[in-house]
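Colleague: I'm new to reading protein models, and the vocabulary trips me up. Could we go through this one and check where each word comes from?

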Amino acid sequence: MKNNISFVNPNEVRRTVLQMLHRAGASHLGSNMSAIEMLIAMYDSVDVERIRCGADDRARIVISKGHCAAATYAVMGHFGILPMVELQNYHMNGSFLAGHVSHAVPSVEHSTGALGHGINVAVGCAIGLRAQGFSERLVLTLVGDGEIQEGSVWEAVMLSSHLKLDNLIILVDNNSISSITATERVIDMRPLTSRFKGFGFGVREVDGHDVSAISSAVSELHGKGRPGIIICNTIKGRDVPFAEGDPIWHYRSLSDELYAEALQYLNTKDVSGNVL
């Protein structure tokens with residue numbers, strides 16, 4: 001796997017996502033903004049060229065959290081997997097860039113309209129790569145902290161632990177909001193680290209907006225004789241001040257005025273993400 005830190009700038013990706021959502025009048029602003037550094041770290045941890053050409057021994061990236069479609073496509077664009085010009089068609093009538101992550105998009109492994117299913121597909125990918133003699137190839141899957149309340153997730157967790165799938169790493173977008181309320185009010189699963197350790201996983205907990213920390217955790221967990229999970233503590237709506245931590249921005253779309261306000265804030269940040 002790769003060990004370098006990506007040159008893809010999260011602020012530039014956020015600008016791209018804002019443009020996509022505003023142009024389409026689409027929702028899921030909060031879900032997209034919380035996952036950007038996680039997505040960058042995932043693609044930075046693998047051989048992107050093998051993904052682009054569809055090689056049999058490519059790493060697999062499965063986005064189970066389907067509500068971060070705009071961020072997924074934007075990151076793929078910035079990594080050169082998708083043409084940037086295609087992003088202008090996001091969520092438009094007739095576009096293959098749907099509002100939920102879709103495998104109609106080249107280099108997307110799985111459609112995730114139904115939450116809780118992607119992790120099962122990722123387990124199947126890890127098993128398949130092992131069977132073909134490619135067990136060193138990573139399978140990375142991104143899930144939401146509300147999504148992991150689905151029962152199917154825990155069936156996949158049990159099986160992957162039993163089979164010691166050490167090429168499988170799950171990343172949890174732990175933004176503490178499930179749709180329109182706090183995740184803990186739906187089902188309180190804290191502390192997540194203890195739950196996954198109890199299932200035999202290698203566990204890391206990191207700042208989910210630190211690409212370097214996430215990439216390092218991937219490297220530390222890969223190939224250690226058991227599956228891994230990275231609890232990425234994030235802020236829903238990150239770097240859009242009026243949306244940060246506000247559940248309504250799972251559904252609300254950007255007006256012209258709020259779009260301009262969000263862009264203006266990002267323009268005040270330097271390449272390292274610090275406010276000037």
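What follows is a chat about the words used for this predicted model.

Colleague: Let's start with helices. What makes H1 and H5 oblique to each other?

Modeller: Look at the angle. Helix H1 (residues 10-24) and helix H5 (residues 69-78) pack at about 130°, and their axes are 9 Å apart. Roughly perpendicular covers 65 to 115 degrees, and roughly antiparallel needs over 145. A value of about 130° fits neither range, so H1 and H5 are called oblique. As for handedness, H1 passes H5 in a right-handed crossing.

Colleague: How do you know which residues meet there, in H1 and in H5?

Modeller: Contact means heavy atoms within 4.5 Å. By that test, Glu12, Val13, Thr16, Val17, Met20 and Leu21 in H1 meet Ala70, Ala71, Tyr73, Ala74, Val75 and His78 in H5. Sorted by class, the residues of this contact are nine nonpolar, two polar and one charged.

Colleague: Why is H5 described as largely enclosed by the rest of the structure?

Modeller: Buried means under 20% relative accessible area. Nine of the 10 residues of H5 pass that test, so H5 is largely enclosed by the rest of the structure. The buried ones are Ala69, Ala70, Ala71, Thr72, Tyr73, Ala74, Val75, Met76 and Gly77.

Colleague: And what covers the buried residues of H5?

Modeller: The cover includes H1, helix H2 (29-34), H3 and E1. Just past the helix, H5 is followed by Gly80, which has a positive phi near 80°.

Colleague: H3 keeps turning up. Why is H3 called oblique to H10?

Modeller: Same routine. Helix H3 (residues 36-44) and H10 pack at about 45°, with axes 9 Å apart. Roughly parallel would need an angle under 35 degrees, and roughly perpendicular begins at 65. About 45° falls between those limits, and that makes H3 oblique to H10. The crossing of H3 and H10 is right-handed. On the H3 side the contact uses Glu37, Met38, Ile40, Ala41 and Asp44, while H10 brings Val211, Ile214 and Ser215. By class, that contact has five nonpolar, one polar and two charged residues.

Colleague: What is the angle between H1 and H3?

Modeller: H1 and H3 pack at about 115°, with their axes 10 Å apart. Their crossing is right-handed. Pro10, Val13, Arg14 and Val17 of H1 touch Ile36, Glu37 and Ile40 of H3. The residues of this contact divide into five nonpolar, no polar and two charged.

Colleague: Now the sheet. What makes E1 and E6 edge strands?

Modeller: The sheet is open, with five strands in the order E1-E2-E3-E7-E6 and parallel pairing. Strand E1 (60-63) and strand E6 (202-207) each pair on one side only, and that's what the edge label refers to. On average, neighbouring strands of this sheet are turned by 20° against each other, direction ignored.

Colleague: How do you know that E6 and E7 pair?

Modeller: Two strands pair if DSSP finds at least two bridges between them. E6 and strand E7 (residues 228-233) have six bridges, in the parallel sense, so they count as paired. Within this part of the sheet, Glu205 stands opposite Ile231 in E7.

Colleague: Where does H10 lie?

Modeller: Helix H10 (residues 211-221) lies across strand E2 (139-144), strand E3 (168-174), E6 and E7, and runs at about 170° to E6.

Colleague: Why does His222 count as buried?

Modeller: The cut-off is under 20%. His222 is at 15% relative accessibility, so it counts as buried. His222 is found in the loop between H10 and E7. Its C-alpha atom is separated by 9.4 Å from that of Arg137, although the two residues are 85 apart along the chain.

Colleague: What about His28 and Asp239: what is their phi?

Modeller: His28 has a positive phi of about 70° although it is not a glycine. Asp239 also has a positive phi of about 70°, and it is not a glycine either. His28 is in the loop between H1 and H2, and Asp239 is in the loop between E7 and helix H11 (256-266). At 12% relative accessibility, His28 counts as buried. Asp239, at 5%, counts as buried as well.

Definitions and conventions:
Residues are numbered from 1 along each chain as its sequence is written. This is a predicted model: local features need pLDDT of at least 70, side-chain atom pairs count only at pLDDT 80 or more; totals for chains, interfaces and linings use all residues. Side-chain values use heavy atoms; hydrogens and water are left out. Axes are lines fitted to C-alpha atoms, for helices over the stretch in contact, and angles run from 0 to 180 degrees between N-to-C directions. Helices (H or I, at least four residues) and strands (E, at least two) are DSSP runs, numbered from the N terminus. A crossing is left-handed if the near helix is turned anticlockwise from the far one by less than a right angle, and right-handed if clockwise. Ala, Val, Leu, Ile, Met, Phe, Trp, Tyr, Cys and Pro count as nonpolar, Asp, Glu, Lys and Arg as charged, and the others, Gly among them, as polar. Buried means under 20% relative accessible area, exposed over 50%, partly exposed in between (1.4 Å probe, protein chains only).
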